[in-house]
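Me: Got a model to go through with you. Can we talk sheets and cavities?

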Amino acid sequence: MFEISRRDLVLGSTGAALMFGMKAPVSFIGAAHAQRAADSLKYQVGEIEVFSLHEGSVERAVTEAMVKNASLDDVKKALAAAGIGPDKIENPYTVTAIRTGGKVVLFDTGYGNNGPATVGKLADNMKAAGLDPAAVSTVVISHFHPDHISGLWVKETDAQVFPNAEIMMPEVEFKYWTDPALVEKMPEAFRPLVKRIQATFPTWKNVKQYNDGADLVPGVKAIATPGHTIGHMSFLVASGGQQLFIQSDVSGIHQLFVRNPGYFSGFDADGPQAEATRRAFYDRVIAEKAMVAGYHFGFPNVGTLSKDGNGYAFAAVKA
Ligand SMILES: [Zn+2]
């Protein structure tokens, strides 16, 4: 899908550098993979090296549950207008990592080996990009949904995958999910996840909690973006006058939820709050002429945003 030839590599680099207004050249790494020609992408934000690492995707049937406040018919029309679906879509997962000051920082973990066969590619794609999973110094978690945290656990034992890393978790999210009363309140399908969180995270000595505005590592700040979950966080990576917003799940797939920010995703805990957060966040990204990276934006998952009618349009870098 993203065949990168020598010529494209040069053109792609130039295109992305222009798009980002970057002084430094942007480089792309094409990793050999069974399904895609390029599953990792490397670029610079000032002095900070950034990596987009494809973790996999899961096919989802398009049903009434996908958007809470729009008809299935309207959702299918919106998907068709974006050139995807309309009966099935791929929900893609892409982890962002940075390397700065000798440290490797992961933003969320994907499923690790806890998901279906079509996910769990993060470790391989890290290695292909020249990042050693065992050398990860910090894992920053955005929120506690399984596609973001499951890679913290070894499937068979619930032991830590990153025992030597500092694991940074949003305090609001940590409090919410570790409340013993939550188990009963959650739908049956979510209870194993809640129990697994409660049996492990509070016992891990390398977990640190953080809040809105925290400086997580030099050049990286936390931004509270609640709505998708109660303690959901996004991140601003800034260096040398350049900025990248790692949005996490401010919205899901861009073709549906960036174009239609008023759609309340079935995964959004608080639809109206998620919409208000989305609009404020995207207006800021545009006003600051920054890049944005989305966990569910496909691959490449990084690019720019523009206003588009009552919504927004995401333009991925050309890789
Ligand atoms: Zn997600």
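Me: Start inside. Which residues line the largest cavity?
Reply: The lining of the largest cavity is Thr 94, Val 95, Thr 96, Phe 107, Asp 108, Ile 246, Ser 248, Ala 293, Gly 294, Tyr 295 and Asn 301. A cavity here is a set of points, on a 1 Å grid over the protein atoms alone, where a 1.4 Å probe fits but cannot get out; lining residues have an atom within 4 Å of a point.

Me: What is its volume?
Reply: About 60 Å³. Volume is the space filled by probe spheres set on the points, with grid points joined across faces, edges and corners.

Me: How many cavities of 30 Å³ or more are there?
Reply: One.

Me: Before going on, what is this model and how is it numbered?
Reply: It is predicted: local features need pLDDT of at least 70, side-chain atom pairs count only at pLDDT 80 or more, and totals for chains, interfaces and linings use all residues. Residues are numbered from 1 along each chain as its sequence is written, and side-chain values use heavy atoms, leaving out hydrogens and water.

Me: Back to the lining. Which strand gives the largest share?
Reply: Strand 3, with three residues. Strand 3 (88–100), strand 11 (242–248) and strand 12 (291–294) each supply at least two. Strands are DSSP runs of E, at least two residues, and helices are runs of H or I, at least four, numbered from the N terminus.

Me: Now sheets. What order do the strands take in the one with strand 8?
Reply: 8-9-10-11-12-13-14, an open sheet of seven strands with mixed pairing. Two strands pair if DSSP finds at least two bridges between them. Strand 8 (215–217) and strand 14 (311–316) are at the edges with a single partner strand each, so one side of each has no neighbour in the sheet. Twist averages 35° from one strand to the next. Axes are lines fitted to C-alpha atoms, for helices over the stretch in contact, and angles run from 0 to 180 degrees between N-to-C directions.

Me: What packs on that sheet?
Reply: Helix 9 (residues 271–287). Among the strands it touches are strand 9 (220–224) and strand 10 (233–239), and its direction makes about 105° with that of strand 13. Contact means heavy atoms within 4.5 Å.

Me: Parallel or antiparallel for strands 13 and 14?
Reply: Antiparallel, over six bridges. Leu 305 has Phe 314 as its bridge partner in strand 14.

Me: And how do strands 5 and 6 run?
Reply: Parallel, with three bridges joining strand 5 (residues 138–140) to strand 6 (residues 166–170). Val 140 stands opposite Met 168.

How values were computed: 1 Å grid on protein atoms, 1.4 Å probe; cavity = no way out; pocket = protein on both sides within 12 Å on 5 of 7 lines; lining within 4 Å.
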